[in-house]
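Thanks for coming. I will go through one structure this morning, starting with a loop residue and moving on from there.

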Amino acid sequence: MTDSAFLDIRRATKSFGSAMVLDGVDLAVTPGEFVSLLGPSGCGKTTLLRIVAGLMAADTGRIVLDGEDISARPPHRRDVGVVFQNYALFPHLSVAENVAFGLKARGAPKDQIAPTVRRFLDLAQMAGFAERSVKALSGGQQQRVAVARALAVQPKLLLLDEPFSALDRKLREAMQIDLKRLLRELGTTAIFVTHDQDEALMMSDRVAVMNRGQIEQLDTPDAIYKRPATPFALEFVGLSTRIAGTALEASGPGEVAIATDFGRIRGQGRFTPGSPVLIGVRPERMAFGAQPDQNTIKARLTDIVFQGSRVQAHFAAPPGEPIQIESVGALPAGLAAGAETPISWPVADTLVYPRLKS
Ligand SMILES: Nc1ncnc2c1ncn2[C@@H]1O[C@H](COP(=O)(O)OP(=O)(O)O)[C@@H](O)[C@H]1O
Ligand SMILES: [Mg+2]
């Protein structure tokens, strides 16, 4: 929709039978940007990616790339590279031949093919593997080749569909950092599909949080975490304590008082008095002890979970969901499971959403 959009997906819809899988998706990506589609399995991420790649047609909507409507073009005329989870390399070709494939198909000048292959294998840190059979490579190495192959033709847009999800954690983290650096060096615009919030938060310039065929929030990782736009975004990304309540009167500019089972809590936003709301608080915003001018409640400690650099404290909160506090360093001395203790957090960190009455 914006003038600066390099990729502009407008009102994309897709149904399979009676199931609406994409429900009017708008997404504008700026040049060189790395945007993740983050959402649970089945929310429509792969379908959206396939529509952008031209591997599937949308029912309605338009795809504009670099000023051109590519909606009706076949995949090979879209200037879009794709990397899938299952490496999809040509097994009978060598590493170098795999990377050369797209260049040859596009009729690149013969004398440029070998240097381009070398350059992209080098960038993908696979320079020493050019003559190997791809069958002899590990999963991580195959994905490096798949990335090199997709980038060698220098597409306008690179699409990646859970490319690292089959790799173990250490390797995945190394690949994430390398890919991010590589795309930045090349200035390539990319859309990266993942159901892994850590991956999305760490790699992306912006994250599109998807739920049931819609983008619920498109924002920077920092904003997604600190200011989730919807209860789904709050719950899907990161930990949170959630407390149901009913809006009372405004308690200050942009602030609302809320009646809860823990007593009166103040939060951010404007709500009609009497309307049901959901309060959300990130665990690292909560602290032990009462604080004047903050929200303070009493709860009973049930578990302490050590996580290396951090400690998590869990509190029973009948009749609601458990409350979690995450703190760096030790918990207050003498605090043991079973103890009732005050917990406080700033009003500014109290997120409030409309709640659907169940
Ligand atoms: N070709 C297809 N035919 C019928 N249903 C499909 C097809 N492709 C995907 N779906 C359905 O569409 C929904 C979204 O799928 P998908 O886009 O693959 O989700 P995600 O990638 O987010 O896990 C799922 O319910 C899936 O079963
Ligand atoms: Mg998928």
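Glu162 comes out as buried, since its relative accessibility is 13% and the cut-off for buried is under 20%. Keep in mind that this is a predicted model. Glu162 sits in the loop between E7 and H5. Its phi is positive, about 45°, and it is not a glycine.

Another non-glycine with a positive phi is Asp79, at about 60°. Asp79 belongs to the loop between strand E5, residues 68-69, and E6. Is Asp79 buried or exposed? Neither label fits: with a relative accessible area of 23%, Asp79 is partly exposed.

Back to Glu162, because it appears in the contact list of Thr194, and Thr194 is worth a minute. Apart from neighbours within four places in sequence, Thr194 is in contact with Leu37, Leu38, Gly39, Lys45, Glu162, Glu199 and Ala200. Thr194 is part of strand E8, residues 189-194. Its relative accessibility is 1%, so Thr194 counts as buried.

What does the side chain of Thr194 reach at 2.8 Å? That is the backbone nitrogen of Asp196. There is also a polar contact of 2.7 Å between the side chains of Thr194 and Glu199.

Lys45, from that contact list, takes us to the ligand. The shell around ligand 1 consists of Phe16, Val21, Pro40, Ser41, Gly42, Cys43, Gly44, Lys45, Thr46 and Thr47. By class, those shell residues are four nonpolar, five polar and one charged. Which element gives the largest share of the shell? Helix H1, residues 45-53, does, with three residues.

Now the polar distances. An N or O atom in the side chain of Lys45 is 2.8 Å from an oxygen atom of ligand 1. For Gly44, a backbone N or O atom lies 3.1 Å from an oxygen atom of ligand 1. For Thr47, a polar side-chain atom is placed 2.6 Å from an oxygen atom of ligand 1. As for cover, ligand 1 on its own exposes 550 Å², and 55% of that is buried by the protein.

Staying with H1 for a moment: the helix is mostly covered, with seven of its nine residues buried. The buried ones are Lys45, Thr47, Leu48, Leu49, Ile51, Val52 and Ala53. After H1 comes Gly54, which has a positive phi, near 90°.

The other helix I want to show is H4, residues 139-152. Does its length come out as expected or not? Its 14 residues at 1.5 Å a residue should span 20 Å, and the end C-alpha atoms are 20 Å apart, so the two agree.

H4 is mostly covered as well, with 12 of its 14 residues buried. Those are Gly140, Gln142, Gln143, Arg144, Val145, Ala146, Val147, Ala148, Arg149, Ala150, Leu151 and Ala152. The list includes Arg144 and Arg149. What covers the buried residues of H4? The cover includes two strands, E6 at 80-83 and E7 at 157-161, along with helices H2 at 95-105, H3 at 110-123 and H5 at 169-186. Just past the end of H4, Gln154 has a positive phi of about 50°.

E6 and H2 also bracket a loop, and Asn86 lies in it. The relative accessibility of Asn86 is 57%, so it counts as exposed, the cut-off for that being over 50%. How far is Asn86 from Gly44, C-alpha to C-alpha? The separation is 18 Å, for residues 42 apart along the chain. Gly44 is one of the residues around ligand 1.

The last residue is Thr341, in strand E19, residues 340-345. Thr341 has a relative accessible area of 9%, so it is buried. Not counting residues up to four places away in sequence, Thr341 touches Phe288, Ile297, Lys298, Ala299, Phe315 and Leu335.

To recap on the two threonines: Thr194 is buried at 1% relative accessibility, and Thr341 is buried at 9%. On the ligand side, Gly44, Lys45 and Thr47 each have an atom within a few ångströms of an oxygen atom of ligand 1, at 3.1 Å, 2.8 Å and 2.6 Å. Those numbers come from a predicted model. That is what I have.

Notes: Residues are numbered from 1 along each chain as its sequence is written. Chains are lettered from A and ligands numbered from 1 in the order in which they are written. This is a predicted model: local features need pLDDT of at least 70, side-chain atom pairs count only at pLDDT 80 or more; totals for chains, interfaces and linings use all residues. Side-chain values use heavy atoms; hydrogens and water are left out. Helices (H or I, at least four residues) and strands (E, at least two) are DSSP runs, numbered from the N terminus. Buried means under 20% relative accessible area, exposed over 50%, partly exposed in between (1.4 Å probe, protein chains only). A polar contact is a pair of N or O atoms within 3.5 Å; within protein, one must be able to donate a hydrogen and the other to accept it, and residues adjacent in sequence count only if both atoms are side-chain atoms. Contact means heavy atoms within 4.5 Å. A residue is near a molecule or strand if one of its heavy atoms lies within 4 Å of it. Accessible areas come from the Shrake-Rupley method with a 1.4 Å probe; for residues, only the protein chains shown count as cover. Ala, Val, Leu, Ile, Met, Phe, Trp, Tyr, Cys and Pro count as nonpolar, Asp, Glu, Lys and Arg as charged, and the others, Gly among them, as polar. The expected span of a helix is 1.5 Å times one less than its number of residues.
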